[in-house]
There are 4 protein chains.
Amino acid sequence: MRKDKPKYKQIIDAAVIVIAENGYHQAQVSKIAKQAGVADGTIYLYFKNKEDILISVFQEKMGVFVSKLEQIIARDLTASSKLGLMIESHFELLASDIHLAIVTQLELRQSNPELRTKINDVLREYLKLMDQILVKGMEDGEFDAKMDIRLARQMVFGTMDETITTWVMNDHKYDLIELAPKVQRLLLKGMQA
Amino acid sequence: MRKDKPKYKQIIDAAVIVIAENGYHQAQVSKIAKQAGVADGTIYLYFKNKEDILISVFQEKMGVFVSKLEQIIARDLTASSKLGLMIESHFELLASDIHLAIVTQLELRQSNPELRTKINDVLREYLKLMDQILVKGMEDGEFDAKMDIRLARQMVFGTMDETITTWVMNDHKYDLIELAPKVQRLLLKGMQA
Amino acid sequence: MRKDKPKYKQIIDAAVIVIAENGYHQAQVSKIAKQAGVADGTIYLYFKNKEDILISVFQEKMGVFVSKLEQIIARDLTASSKLGLMIESHFELLASDIHLAIVTQLELRQSNPELRTKINDVLREYLKLMDQILVKGMEDGEFDAKMDIRLARQMVFGTMDETITTWVMNDHKYDLIELAPKVQRLLLKGMQA
Amino acid sequence: MRKDKPKYKQIIDAAVIVIAENGYHQAQVSKIAKQAGVADGTIYLYFKNKEDILISVFQEKMGVFVSKLEQIIARDLTASSKLGLMIESHFELLASDIHLAIVTQLELRQSNPELRTKINDVLREYLKLMDQILVKGMEDGEFDAKMDIRLARQMVFGTMDETITTWVMNDHKYDLIELAPKVQRLLLKGMQA
DNA sequence: TATGAATGAGATTTCATTCAT
DNA sequence: CATGAATGAAATCTCATTCAT
């Protein structure tokens with residue numbers, strides 16, 4: 001389905017706005033179409049069905065996170081620095097797009113198990129990259145070589161996720177980005193050799 | 001709403017089972033009524049509406065977590081030990097009731113933000129108790145006195161939550177409880193003075 | 001699904017009227033519900049889905065044809081007389097319920113192949129009874145013992161069907177019933193020994 | 001509408017194939033266009049609307065039946081022979097084009113009464129020719145001079161139609177053409193003087 | 001002539017909630 | 001207290017047709 005055409009992106013962006021403003025269950029296709037400035041039927045020229053829109057939203061947006069993280073990993077830095085950059089970059093992306101933050105932290109989690117499974121597939125790629133940082137840190141002697149890597153990853157991701165969700169649920173009335181260094185310090189301490 | 005009558009609890013328990021077995025979106029009132037062995041209309045003698053059932057499920061079950069945690073806090077122990085017991089106790093409760101674990105970690109999160117806000121109100125009590133442990137640890141010089149207490153709490157809760165959710169999503173095929181000490185160690189290291 | 005309850009029959013009869021007056025493709029469930037004097041949702045307490053209504057219409061109404069024909073066959077008459085009574089009875093039933101005639105001869109034939117297959121299952125029972133008459137006639141020496149029974153049945157049914165359909169399509173402006181003896185004579189001549 | 005241009009016939013033939021292979025309700029304009037190797041919009045340069053395609057299909061194909069029958073009538077034969085040739089010719093045409101048989105016997109009957117009325121207009125020409133044979137037979141003393149000609153025609157057409165439809169519905173697994181003489185004999189007996 | 005992207009109307013079905021018994 | 005039959009609002013997706021190029 002013509003992902004290069006401008007309307008594809010138009011609809012994705014419209015979906016993010018509509019879901020953020022109306023909530024997942026009130027995000028009817030007709031609302032998304034109106035927001036995108038196209039007819040209802042046009043949606044179906046670019047997406048198989050409603051679920052396909054939502055998965056695509058997640059894929060397109062998560063893609064940005066993944067490529068940012070890939071760039072960070074490619075750089076010649078310590079694992080600690082990479083971890084810090086990752087957190088900062090993750091927070092920045094969501095802080096700069098409140099709509100997207102609402103959608104990923106709150107609304108998309110209301111989707112049915114089927115859809116969530118597909119979302120998890122997308123997420124997994126991100127978590128794999130995260131693991132690369134942890135492994136490097138353990139190999140380089142920065143992180144505790146004996147720590148359970150899965151648990152460590154769950155701590156890192158769980159902490160970031162909880163921090164962002166709390167921020168979103170508090171109507172983002174404080175600065176998320178300035179929490180990044182503190183979160184980094186906390187997590188690093190937990191994992192350091 | 002007659003919370004003392006046996007049918008009140010019957011319905012709450014039925015709701016947990018039905019949601020766990022069918023998923024949040026397939027947990028119709030009529031199914032809960034059938035599972036509870038009462039007529040559909042009877043539900044409405046004990047609960048205002050469907051949302052009220054779900055909040056009540058969370059309140060009743062969370063109450064157990066809260067009272068367990070209160071007992072732990074009342075004991076004469078170091079903050080670190082209390083934290084360890086809290087994690088262990090939390091894991092134990094969910095590992096011993098898979099239905100409940102599925103409901104709290106996966107299904108109830110599909111509810112709309114409105115309901116989730118109410119659920120968070122219930123959760124807040126638990127988080128406040130958690131804060132007491134952290135404060136005590138900071139005062140006693142066990143934990144870093146300068147750490148951001150909200151962030152620390154988010155790390156603790158986020159890590160526990162992510163760990164349990166991952167366990168549930170992996171069909172609880174490994175032992176959750178034996179992860180508790182490792183989780184404790186990881187978190188303590190992050191927070192220690 | 002409660003076929004004994006009066007609402008079941010109410011809905012069936014409403015469906016016949018709505019389909020006859022509006023055509024198959026304009027017979028929305030909401031129209032049938034309104035005609036039956038029930039809410040849209042009530043339909044689904046008695047029928048699995050829209051197709052189920054249509055099949056039930058055919059089954060219920062065809063049941064009358066079948067039982068009439070069974071009575072005729074049970075009587076002590078020559079095959080020729082039975083054939084005559086069958087034609088007469090068939091014509092009478094449809095002439096007395098124009099709505100039903102329109103539905104069976106025109107509207108229900110617009111249904112999709114799936115539904116038509118199910119309708120044919122119902123029809124088969126009627127054709128089997130028809131065969132009994134033909135067999136008896138052949139055994140008793142009334143009908144040509146060497147005729148192809150399938151072809152004979154196709155002639156009988158095809159002629160009746162074509163006659164009724166033509167009558168319906170001509171807005172039943174002439175008397176269908178008085179054609180019965182003529183049709184009988186024609187068919188008997190074709191089959192007689 | 002340029003009926004002489006090759007694309008006109010291309011589209012007609014494409015329609016027959018698409019309807020036969022996909023069924024009436026799955027024969028979308030876009031499928032017919034693809035099968036014909038033209039763009040969707042091009043269809044509308046040759047046909048007023050979808051219904052117009054279907055009527056044209058019937059007209060074009062029925063034209064073959066009519067001209068065959070005209071040739072038969074023009075020959076110097078008895079009415080009985082003509083009737084026999086007509087049945088044989090009718091069966092042959094459909095047996096040699098299964099797609100067409102499926103379309104005329106099953107699929108086109110799913111169209112709405114409006115369209116069917118128009119199809120009947122086309123059919124009427126064929127039935128008129130059939131009447132010529134019957135009249136001649138009655139005048140020549142071959143057929144019963146007192147028979148109701150309309151009924152007789154309904155018997156002839158209804159029997160042929162039912163025979164062919166049954167053959168199509170049985171996946172044309174037996175030979176239709178060899179049934180022709182038997183059908184002829186049956187019908188002639190019914191009509192003979 | 002020919003294209004094909006865009007349009008937008010329209011219907012089935014589910015399920016929380018009510019209320020007469 | 002308890003019942004359960006009845007209600008009725010609400011949303012996804014299809015596809016014939018158009019029209020700018």
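**Protein chains around a DNA strand**

By class, the surface near DNA strand E is made up of 12 nonpolar, 10 polar and seven charged residues. This is a predicted model, and the description below starts at the DNA and then moves to the places where protein chains meet.

In total, 29 residues surround DNA strand E. The closest of them come from three chains: Thr42(A) and Tyr46(A), then Gln28(C), then Lys5(D) and Thr42(D). Among the helices, H3 (40-46) of chain A, H3 (40-46) of chain C and H3 (40-46) of chain D each give at least two residues to the surface near DNA strand E.

Which part of DNA strand E lies within 4 Å of the protein, sugar and phosphate or bases? Of the atoms of the strand within that distance, 75% belong to sugar or phosphate, and the rest belong to bases. Individual contacts illustrate both kinds. On the phosphate side, a polar side-chain atom of Tyr46(D) lies 2.7 Å from a phosphate oxygen of DNA strand E. A polar backbone atom of Val29(B) is 2.9 Å from a phosphate oxygen of the strand. On the base side, a backbone N or O atom of Gly41(D) sits 3.2 Å from a base nitrogen of DNA strand E.

Following chain D onward along its sequence leads to helix H4(D), residues 50-74. This helix has 25 residues and spans 36 Å from its first C-alpha to its last, close to the 36 Å expected at 1.5 Å a residue. Its N-terminal end is capped by Asn49(D), which has a side-chain oxygen 3.3 Å from the backbone nitrogen of Glu51(D).

Chain D also meets chain C. Here 34 residues of chain D are in contact with 35 residues of chain C. The area buried between the two chains is about 2,900 Å², and carbon and sulfur atoms give 59% of that area. Leu151(D), Leu186(D) and Lys189(D) supply 21% of the area that chain D buries against chain C, more than any other three residues. Between these chains there are two salt bridges, one of which can be placed on named residues: Lys182(D) and Asp148(C) meet through their side chains at 3.7 Å, N to O. There are also 10 residue pairs in polar contact between chain D and chain C. The elements of chain D that give two or more residues to this side are helices H7 (113-139), H8 (149-169) and H9 (180-191). H8(D) gives the largest share, 12 residues. By class, this side of chain D has 13 nonpolar, 13 polar and eight charged residues.

Another interface joins chain A and chain B. It takes 34 residues from chain A and 33 residues from chain B. About 2,900 Å² is buried between them, with 59% from carbon and sulfur atoms. In chain A, the residues that lose the most area to chain B are Leu151(A), Leu186(A) and Lys189(A), together 22% of what that side buries. Two salt bridges cross this interface; Lys182(A) pairs with Asp148(B) in a salt bridge whose closest N and O atoms are 3.6 Å apart.

Some pairs of chains stay apart. Chain A does not touch chain C, and their nearest C-alpha atoms are 22 Å apart. Chain B and chain D have no contact either, with their closest C-alpha atoms 32 Å apart.

Technical notes. Residues are numbered from 1 along each chain as its sequence is written. Chains are lettered from A and ligands numbered from 1 in the order in which they are written. This is a predicted model: local features need pLDDT of at least 70, side-chain atom pairs count only at pLDDT 80 or more; totals for chains, interfaces and linings use all residues. Side-chain values use heavy atoms; hydrogens and water are left out. Helices (H or I, at least four residues) and strands (E, at least two) are DSSP runs, numbered from the N terminus. The expected span of a helix is 1.5 Å times one less than its number of residues. A polar contact is a pair of N or O atoms within 3.5 Å; within protein, one must be able to donate a hydrogen and the other to accept it, and residues adjacent in sequence count only if both atoms are side-chain atoms. Contact means heavy atoms within 4.5 Å. Buried area is the accessible area (1.4 Å probe) that two parts lose on being put together, summed over both. A salt bridge is a side-chain nitrogen of Lys or Arg within 4 Å of a carboxyl oxygen of Asp or Glu. Ala, Val, Leu, Ile, Met, Phe, Trp, Tyr, Cys and Pro count as nonpolar, Asp, Glu, Lys and Arg as charged, and the others, Gly among them, as polar. A residue is near a molecule or strand if one of its heavy atoms lies within 4 Å of it.
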